[in-house]
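Subject: Structure handover

Hello,

Here is the structure I promised to pass on. Please open it alongside this note; my findings follow below.

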Amino acid sequence: MGTKTVDGAGTGAEAKNDETATEEKAVDVTKASEEAAEPETAEASEAAESAGAGDELAAGGPADDEADDEDDEETLLLDEEPEGPSGVGQGAAAVVSVVLGLVSLTGGWIGTVAAARETLIGQLQTSSTASVAKQVKEVYGDAWQTTALWAGLFALVALITGVAVLVRPAFGAPGKAQAPWIKSVAWAGVALGVIGLLLAVLKYSDALLGLPSTS
């Protein structure tokens, strides 16, 4: 009885040991297979990435896009024309020319003061016993001529300014066209200057609105 129990226990222990050994061998084989498969998978991934990068470069990838963008920027910089004068100064000068022309025709405070001063000087320097013709000339004639003189100066400055604006593009950036409104205003200043200068000369020489006769 006791012998049989020992033999049965020994046989059961050996069977368990055989099963454990078999399981360990199977685990070792599985691990070896996985380790062998990992390098192959890594190599395959690297090859796929290399192939993808090659296809992207062949199809014009990010590197080509950046190069194209740089070329486009350089082309735009080359195509841009150099900036010329903005025309603000010319426009302002044209307006000044018109204003000066109007002052020459309508009169300004400086001409009024100069005429009043000349009248006062004539009154102080002319005696009451002087002839009527002399009194009229000293008190009124000289004052009117002074007014005409200042009007002529304003007209001359308006004329010069307008002409300077019209000829300015010839000395500026080549190919830079002058704005049409600047030309129009400048021509208006020139016209007012010519008219004012002509009237001033006629008045100063007594050809226009001369002194009345005292005879």
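D206 counts as partly exposed, because its relative accessibility is 34% and the buried class stops under 20%. Please keep in mind that this is a predicted model. D206 sits in the segment after α6. Its backbone deserves a look: phi is positive, about 60 degrees, although D206 is not a glycine.

D206 also has a charged partner. K203 forms a salt bridge with D206, and the closest N and O atoms are 3.8 Å apart. K203 is buried, at a relative accessible area of 14%. So this bridge joins a buried lysine to a partly exposed aspartate.

**Overall fold**

The protein has 6 helices and 0 strands. Along the sequence the pattern reads α-α-α-α-α-α. There are 215 residues, and buried ones make up 20% of them.

**Salt bridges**

How many salt bridges does a search of the whole structure find? The count is 3. The K203 and D206 pair is one of them. In general, side chains of opposite charge can pair when their charged atoms come close.

E138 forms another salt bridge, with K134. Here the closest N and O atoms are 3.8 Å apart. Both residues belong to helix α5, which covers residues 132-167. They are 4 residues apart, so about one helical turn separates them. Is E138 buried or exposed? E138 is buried, because its relative accessible area is 18% and the limit for buried is under 20%. K134 is partly exposed, at 42%.

D142 forms a salt bridge with K137. The closest N and O atoms of that pair are 3.4 Å apart. D142 is buried, with a relative accessible area of 13%. K137 is partly exposed, with 43%.

**Aromatic pair in α5**

The search for paired rings gives 1 aromatic pair. The rings are those of Y140 and W144, with centres 6.3 Å apart. Their planes stand at 50 degrees, so the pair is tilted. The reason is the cut-off: under 30 degrees would count as stacked and over 60 as edge-to-face, so the rest are tilted. Y140 and W144 are 4 residues apart in helix α5, which puts about one helical turn between them. Y140 is partly exposed, at a relative accessible area of 46%. W144 is partly exposed too, at 36%.

**A buried alanine in α5**

A143 lies in helix α5 as well. A143 counts as buried because its relative accessibility is 4%, against a limit of under 20%. A143 and L120 are 23 residues apart along the chain. Their C-alpha atoms are separated by 9.1 Å.

**Largest pocket**

How much space lies in the largest pocket? About 330 Å³. It is lined by 21 residues, and the closest to its centre are S104, L105, T147, A148 and A151. The elements that give two or more residues to this lining are α3 (88-106), α4 (109-125), α5 and α6. Helix α5 gives the largest share of the lining, 6 residues.

**Nonpolar surface patch**

L105 turns up again at the surface. Together with I195, L198, L199, L202, L208 and L209, L105 makes a nonpolar surface patch of about 600 Å². Which helix gives the largest share of the nonpolar patch? That is α6, residues 180-204, with 4 residues.

L208 lies in the segment after α6. L208 is partly exposed, with a relative accessible area of 33%. That value lets L208 join the patch, because patch residues need over 30% relative accessible area. D206 lies in the segment after α6 as well.

**Where to start**

Two places I would open on screen:

- The segment after α6, for D206 with its positive phi and for L208 of the nonpolar patch.
- Helix α5, for the E138 and K134 bridge, the Y140 and W144 ring pair and the largest share of the pocket lining.

Best wishes

Note on methods: Residues numbered from 1 in each chain as written. Predicted model: local features only at pLDDT ≥ 70, side-chain atom pairs only at ≥ 80, totals over all residues. Heavy atoms only, no water. Patch = residues over 30% accessible without salt bridge, like charges linked within 9 Å, V, L, I, M, F, W, Y side chains within 5 Å. Areas by Shrake-Rupley, 256 points an atom, 1.4 Å probe, with all protein chains shown as cover. Salt bridge = Lys/Arg side-chain N within 4 Å of Asp/Glu carboxyl O. Buried < 20%, exposed > 50% of the residue type's maximum accessible area, 1.4 Å probe, protein only. Phe/Tyr/Trp six-rings, centres within 6.5 Å; stacked < 30°, edge-to-face > 60°. 1 Å grid on protein atoms, 1.4 Å probe; cavity = no way out; pocket = protein on both sides within 12 Å on 5 of 7 lines; lining within 4 Å. Points joined across faces, edges and corners; volume = space filled by probe spheres on them.
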